[in-house]
Amino acid sequence: MVEEHPDSYFLMYTNGTLITDEVARRMAELGNISPAISVEGYEAETDEHRGKGVYGKILRAYESLERYGVPFGVSLTVFRENAHLVTQELFDRYMEELGAKYMWIFQYMPIGREQTL
């Protein structure tokens with residue numbers, strides 16, 4: 001779809017685990033896609049929520065995207081257990097240290113059994 005619509009720009013939400021050098025290179029060639037990679041904070045919080053080793057894969061994805069000049073961002077879902085992490089330090093980590101160009105913050109709002117969509 002990205003290739004078929006070069007006049008559009010795509011924001012892709014992903015866990016980032018399948019972004020390799022080859023995938024990043026292809027994204028750079030296309031030039032109209034930016035992945036927003038989901039995290040829950042730092043390594044401990046992300047691995048606890050997404051599985052052991054996922055944070056390391058995310059860091060490798062960031063490195064590949066940086067290497068090929070693909071702009072990427074962070075998608076952070078805030079919930080009770082990680083709300084205390086949403087600080088300037090967290091922003092600095094992702095934006096300045098790791099090269100993210102933007103950060104989306106989502107507030108997790110569980111739906112109780114008595115509520116319906």
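## Strand register in the middle of the sheet

In this predicted model, V74 stands opposite M103, a residue of strand β4. Right after that pair in the walk along the strands comes S75, which faces W104 of β4. These pairs belong to the contact between β3 and β4 (residues 102-107), which run parallel and are joined over six bridges. To get from β3 to β4, the chain goes through helix α4 (residues 88-97), and this β-α-β crossover is right-handed.

On its other pairing, β3 meets strand β2 (residues 33-39), again in the parallel sense, over four bridges. Here A36 is the residue that stands opposite G73 in β3. Strands of a sheet pair through backbone hydrogen bonds, in either a parallel or an antiparallel way.

## The sheet as a whole

Zooming out, the sheet is open and has four strands, ordered β1-β2-β3-β4, with parallel pairing. The edge positions go to β1 (10-14) and β4; each has a single partner strand, so one side of each has no neighbour in the sheet. From one strand to the next, the twist averages 25 degrees.

Helix α3 (residues 54-67) packs on this sheet and touches β2 and β3, with its direction at about 160 degrees to that of β2. As for β3 (residues 73-78) itself, five of its six residues are buried, so the strand is largely enclosed by the rest of the structure.

## What fills the core

How many residues make up the largest nonpolar core? The count is 26, and the residues with the most contacts inside this core are I19, I37, V39, Y62, L65, V74 and Y94. Two or more residues each come from α1 (21-30), β2, α3, β3 and α4. Helix α3 gives the most, with six residues.

I37 is a handy place to look at the packing. Setting aside neighbours within four places in sequence, I37 is in contact with T14, N15, G16, I19, I58, A61, Y62, L65, G73, V74 and S75. Among these partners, G73, V74 and S75 are also the β3 residues named in the strand pairs: G73 opposite A36, V74 opposite M103 and S75 opposite W104.

## A buried asparagine in a loop

N82 sits in the loop between β3 and α4. Is N82 buried or exposed? Its relative accessibility is 2%, so N82 counts as buried, the cut-off for that being under 20%. Not counting residues up to four places away in sequence, N82 touches E40, L76 and T77.

## Two residues with more solvent access

E66 lies in helix α3, the helix that packs on the sheet. With a relative accessible area of 42%, E66 is partly exposed. Leaving out neighbours within four places in sequence, the contacts of E66 are F72, L98, G99 and K101. For a sense of distance, the C-alpha atoms of E66 and A36 are separated by 13 Å, the two residues being 30 apart along the chain.

P110 belongs to the segment after β4. At 54% relative accessibility, P110 counts as exposed, since the bar for that label is over 50%. Between the C-alpha atoms of P110 and E89 the separation is 27 Å, with their positions 21 residues apart along the chain.

Definitions and conventions
Residues are numbered from 1 along each chain as its sequence is written. This is a predicted model: local features need pLDDT of at least 70, side-chain atom pairs count only at pLDDT 80 or more; totals for chains, interfaces and linings use all residues. Side-chain values use heavy atoms; hydrogens and water are left out. Buried means under 20% relative accessible area, exposed over 50%, partly exposed in between (1.4 Å probe, protein chains only). Two strands pair if DSSP finds at least two bridges between them. A crossover is right-handed if, with the strands pointing away from the viewer, the path from the first strand over the helix to the second runs clockwise. Axes are lines fitted to C-alpha atoms, for helices over the stretch in contact, and angles run from 0 to 180 degrees between N-to-C directions. Contact means heavy atoms within 4.5 Å. A nonpolar core is a set of buried Ala, Val, Leu, Ile, Met, Phe, Trp, Tyr and Cys residues joined through side-chain atoms within 4.5 Å.
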